[in-house]
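Student: Could we go through this structure together? I would like to learn how the words used for it are justified.

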Amino acid sequence: MTVTVERGGRVVRGHHRHHGRTTRPRRPHTSYALFLLPGVLAFLAVIVVPFLMNTGVSFTDWQGVGAPKWSGLANYRELMHDSEFWASFRHSLFMVVAMAAVPTVLGLVLAAALFDFVGKHFGTKIAAVLRACFYLPQVLPIAVAGIVWSWILAPDNGSLNELLKAVGLGSLQQDWLGDPDVALYSVMGVMVWVQIGFPLVVFMAGLQRVDPQLYEAAELDGAGWWRRFWHITLPQIRPEIYVVLLWCTIAALKVFGAVYVLTKGGPGGATDVPSYFSFTTFFEKTQVGYGAAISTVLTVIILVLALIGLKLQTRAEDAEEGLRA
Amino acid sequence: MTAVRRYPVLVALIIAALFMVLPFGIVAINAVKSPAEYSSNGPLSLPHGLYLDGLKDFWQRVDYGQKLVNSILISGSVAIGAAVLSVLNAYAIGIGRIKGRTWVLAFFVLANMLPQEALVYPIYYLSKQAGLYDTRLSVIIVFTVVQAAFGTYLLSSVLGRFPREIIEAARIDGANKWQVLWRIVVPVSRPTIGVLLVFFFIWTWNEFLLPLVMLISNDNQTVSVALGVLQGQRLMDATMTNAAALLGVLPAIVFFLVFQRTLTRGIAVGAVK
């Protein structure tokens, strides 16, 4: 991954590829490994062992007390036929749209507009203030965002319904979070609001390293805003787009807090997602083996996606280097 | 471009930005309304005066001061612990260039991507066995490790480009590895470590699933969990809800104003989870 680091207020692009790699004799590397010891031990205890336990438990029939009974693939076979699981999984694809696809597209357009247009014609100060407004929801605990929105979306006296009434669109009033046909879309809307600031800020940072001469040359050639966006902005910040899509997709698959606070998976399972489904299976139904199987499947999906994403990203970066060389 | 065509775009962007902050505004005006005023005028009217009893009631009811202390204690400890752990790991990987560092690094990256759902029950079970269940220490330990995974990944790539000459010079002057780390590498990397501290603090502050499972007693809960649980139980009236929302939003706004530069720039230090 290419990394941009701020040093003394200046954004430095961190490729020192041709920086002379000196051919001094190397010391034995062993003793540096000692510095890794605390980290590796802590990781074994907090991540590796629990993860292996979870995988192990997923092959058992266990209620959390007593000895787990080995049941082989029974939990996984049951998952295959569990319509609740498939529904929760389908909902998480909706979350990918709301938390990765839509924010990336909107973030791109907003970042280009703020950087290339507002920044140039109205000053970087205004652009920075607008950027801050879009980013603000990102620093909010998801529980707090949930409180704010469940109150705004309340059926009686909720701000959104009151607002619709006030502007004469009273017929559009809904029980936003309580109607099974609407609830998923409402949660999606809230997630777009929560998520949009992240791609925006990453893309704006990426745009800072695009050579302004590219734009000037294109403008001289008579290219309009849209053509410059399509032919310069997009290709130039492709690495950032990959990173954002990857991180946001993973975040969407893991989404839990928002669902817990907004809808508790309801009404009637209409907004259930795998992470919430595994949580209730663990702690409310105490079917620990089954919950472990759900979270194992989720883990596999996320790791496969992550590996594909990282592969695509390195390939894109290699291709770019090839072009430059 | 002519001014006539310029302004509509700016206006559209400003309206979009206002829409983003509008929820905060609505919460703020309703948190200072009396219940009577709220029920007669609805959520969209401006308050006639400052009614602070709702905020006061909510503060006392959930013992909000204690929740703030818990959140600060947990997030602060995690930020420092995870930064130290990240520095040690990254020193071995980025500067020590230990054998198999690519695999070690891949291991940390994957650990960071694991969904917490796949760890939560064993951690719950193990912490009960170890007598750490429902302690703030348990959450501190877990998040120190989880956050250090990201920190290791980020710092390793920064330290991988650390000027070797400086280190070689210090070694020739007789400094051992430990001294090189604390007297040279850490001071020079201070900007990146600062970004990490801020992010670790805020991410831990906002965490929900693990603290929800691990911290069940009132005295140990964080701000996020206390508010989330209250909301989940739907025990609050409108005034109480707004008081809760406002008190939950305020620390976030303070972080935002204090760390705005670090946050928005720092995010570019390698894309955030």
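**Reading the labels**

Tutor: Gladly! Let's start with C133(A), which counts as buried because its relative accessibility is 18%. Keep in mind that this is a predicted model.

Student: What makes 18% enough for C133(A) to count as buried?

Tutor: Buried means under 20% relative accessible area. C133(A) has 18%, so C133(A) falls on the buried side.

Student: And why is C248(A) called buried?

Tutor: The cut-off is again under 20%. C248(A) has a relative accessible area of 1%, so C248(A) is buried.

Student: How do you know that C133(A) is in no disulfide?

Tutor: Start with the idea itself: a disulfide is a covalent bond between the sulfur atoms of two cysteines. To count here, the two sulfur atoms must be within 2.5 Å. The nearest cysteine sulfur to that of C133(A) belongs to C248(A) and is 20 Å away, so the pair fails the test. Looking from C248(A), the nearest cysteine sulfur is that of C133(A), 20 Å away. Over all chains, the count of disulfides is zero.

Student: Why is α1(A) called roughly perpendicular to α6(B)?

Tutor: Helix α1 of chain A (residues 33-57) and helix α6 of chain B (residues 117-129) pack at an angle of about 100°. Angles of 65 to 115 degrees count as roughly perpendicular, so the label fits α1(A) and α6(B). Their axes are 8 Å apart.

Student: Which residues make that contact?

Tutor: On α1(A), they include I47(A), P50(A) and F51(A), and on α6(B) they include L119(B), P122(B) and Y125(B). I47(A) is also one of the residues that touch the most other members of the largest nonpolar core, which has 190 residues. Apart from that core lies another, of seven residues, among them F85(A) and I294(A).

Student: Where is F277(A) found, and is it buried or exposed?

Tutor: F277(A) is in helix α13 (residues 274-283) of chain A. Its relative accessibility is 1%, under the 20% cut-off, so F277(A) counts as buried.

Student: What does F277(A) touch, leaving out residues up to four places away in sequence?

Tutor: Among them are F85(A), S88(A), K285(A) and I294(A). The C-alpha atoms of F277(A) and S295(A) are separated by 9.1 Å, and these two residues are 18 residues apart along the chain.

Student: How many of chain A's residues are buried, as a percentage?

Tutor: Buried residues make up 52% of the 325 residues in chain A.

Notes
Residues numbered from 1 in each chain as written. Chains lettered and ligands numbered in written order. Predicted model: local features only at pLDDT ≥ 70, side-chain atom pairs only at ≥ 80, totals over all residues. Heavy atoms only, no water. Buried < 20%, exposed > 50% of the residue type's maximum accessible area, 1.4 Å probe, protein only. Core = buried A, V, L, I, M, F, W, Y, C linked by side-chain atoms within 4.5 Å. Axes fitted to C-alpha atoms, helices over the stretch in contact; angles between N-to-C directions. Helix = DSSP H or I, 4+ residues; strand = E, 2+ residues; numbered from the N terminus. Parallel < 35°, antiparallel > 145°, perpendicular 65-115°, else oblique. Contact = heavy atoms within 4.5 Å.
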